[in-house]
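Visitor: I'm new to this one. Could you walk me through it?
Guide: Gladly. Here it is.

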Amino acid sequence: MKKIIALLLALMLVFSLAACAGDTNTDTTDTTDTTDTTDTTDTTDTTDTTDTTDDTTDDTTDDTTTDASALNVGVFYYNYADTYISSVRSALDAALEAKGITYNDFDGNNSQATQNEQISTAITNGCNLLIVNMVTSGSSDTAKAIMELAGDVPVIFFNRAVEEDGAEGTVLGAYENICFIGTDAPEAGHLQGQMVGQYVLDNYDALDLNGDGQISYAMFKGDEANVEAIYRTQYGVEDANAVLEAAGKPALVYFDASNTSGYQVDMNGAWSAQAALDYMNTNLSQYNEANGNMIELVICNNDNMAEGVISALNAAGYNNGEGTTTIPVFGVDATDSAVQLIKDGKMTGTVKQDAEGMANAIAEVAAATGAGSTLTDGVAAAAALNTDMYTIAEGIANKLFVAYAPYTGE
């Protein structure tokens, strides 16, 4: 009889490891890299963890491996091409592997329909935990659709908001097997605005290239509907103006009086360097020192767009080091390339969105889920790892915030 039970258990383990097959991944090379390793496959065979979950079996099967301790995770990214998301992906791959969690990565390629198809296929193939960076940010309908696809499978949403501004908790409070790990949307805008305001105040005369007593700025928005983009665009200017006006200085003036929105947006919602580069090249053809109306400050929703702006400025003879005029450029994320640009004196500042901090929190919640905890308990465990970095949203126990921090290279 014991031999028969042993044989059945072995077959169950093989089936579990075969689940969430890599051929559902749109990037098969990346899937092979993350799942075909000895470390990830060996660590899923953990019989010791059954001691904490034997209440789901009878007393004669204490040594079996339960579904909770044999995770097969699908990680769904909105777009591999996003520089910050690429950083999160690298960090999350490492964090999941360190915990012995088997996973597959999927590139939504900025298409919600593609991502939904990937999720549906992954569940059919046996994934028992989903980690989702939603393509359509701040959409309750999209989040609910994903939850319906998931059914009983737990979902950890991350980075991109799952609810509209002002609708906090309407999705996160409607399901038991859901949580969110991300940032407090207004925080980056406030930090960036305060950083911009103080820099302008400290360097006002040098920045006023045409001597008109005010500073003209350009603003680049990553996505029209994204909650983070909305707050960064709003507070990046409002908070800067608050600093200036408190010191008796005029508020910033948007460079193009005919643009009543006060920003230029990536129409594809991709927060891309290319969109910012194209806009800035066009801007500089009309707004420049020769015409006496040069753009004197640039604020970007992310570092990708800041890099595009800097490329345009470099081509026009600005921000090229000693002997050239530097137009201050600010971003958000503190990507490796942005940190280097700040070090080189081509970029002025950014707001750090901690990719490793986000990845570690996600991996902690995933591991807790594998050990049989609820997602809410997993969020509490992650928050306890670093109380300076992590906080739980007020009144929403399954929503974890990862703190931002200003970065100027000092």
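Visitor: Is E224 buried or exposed, or partly exposed?
Guide: E224 counts as partly exposed, because its relative accessibility is 41%. Buried means under 20% relative accessible area, exposed means over 50%, and partly exposed is in between (1.4 Å probe, protein chains only). One caution before we go on. This is a predicted model, where local features need pLDDT of at least 70, side-chain atom pairs count only at pLDDT 80 or more, and totals for chains, interfaces and linings use all residues. Residues are numbered from 1 along each chain as its sequence is written, and side-chain values use heavy atoms, with hydrogens and water left out.

Visitor: What does E224 form with K221?
Guide: A salt bridge, with the closest N and O atoms 2.8 Å apart. The term means a side-chain nitrogen of Lys or Arg within 4 Å of a carboxyl oxygen of Asp or Glu. K221 has 5% relative accessibility, so K221 counts as buried.

Visitor: How many salt bridges does the count come to?
Guide: The count is 4. Among them is the pair D105 and R89, at 3.4 Å from N to O. D105 lies in strand β2 (residues 102-107) and R89 in helix α4, so this pair ties together parts 16 residues apart in sequence. Helices (H or I, at least four residues) and strands (E, at least two) are DSSP runs, numbered from the N terminus. D105 and R89 are both buried.

Visitor: Which residue does E228 pair with in a salt bridge?
Guide: R232, with the closest N and O atoms 3.4 Å apart. Both residues lie in helix α9, 4 residues apart, or about one turn of the helix. E228 and R232 are both buried.

Visitor: New topic. How many cavities of 30 Å³ or more does a search of the whole structure find?
Guide: The search finds 1. Its volume is about 170 Å³. On a 1 Å grid over the protein atoms alone, a cavity is a set of points where a 1.4 Å probe fits but cannot get out; a pocket is an open set with protein on both sides within 12 Å along at least five of seven lines; lining residues have an atom within 4 Å of a point. Grid points are joined across faces, edges and corners, and a volume is the space filled by probe spheres set on the points.

Visitor: Which residues are closest to the centre of the largest cavity?
Guide: N159, R160, R232, W271 and Q353, out of 16 that line it. Helices α4 (83-98) and α9 (227-246) each give two or more residues to that lining.

Visitor: And how much space lies in the second largest pocket?
Guide: About 270 Å³. Its lining has 18 residues, and A161, E168, A185, V227 and K399 lie nearest the centre. The most comes from α9, with 3 residues.

Visitor: What pLDDT does the chain average?
Guide: The average is 87, and 83% of the residues score at least 70. pLDDT is the predictor's confidence in each residue, from 0 to 100. Over residues 1-19, pLDDT stays under 50. The same holds over residues 21-68, where pLDDT also stays under 50.

Visitor: Last one. How many helices and strands does the chain come to?
Guide: The chain has 14 helices and 14 strands. Of its 410 residues, 52% count as buried.

Terms used: Contact means heavy atoms within 4.5 Å.
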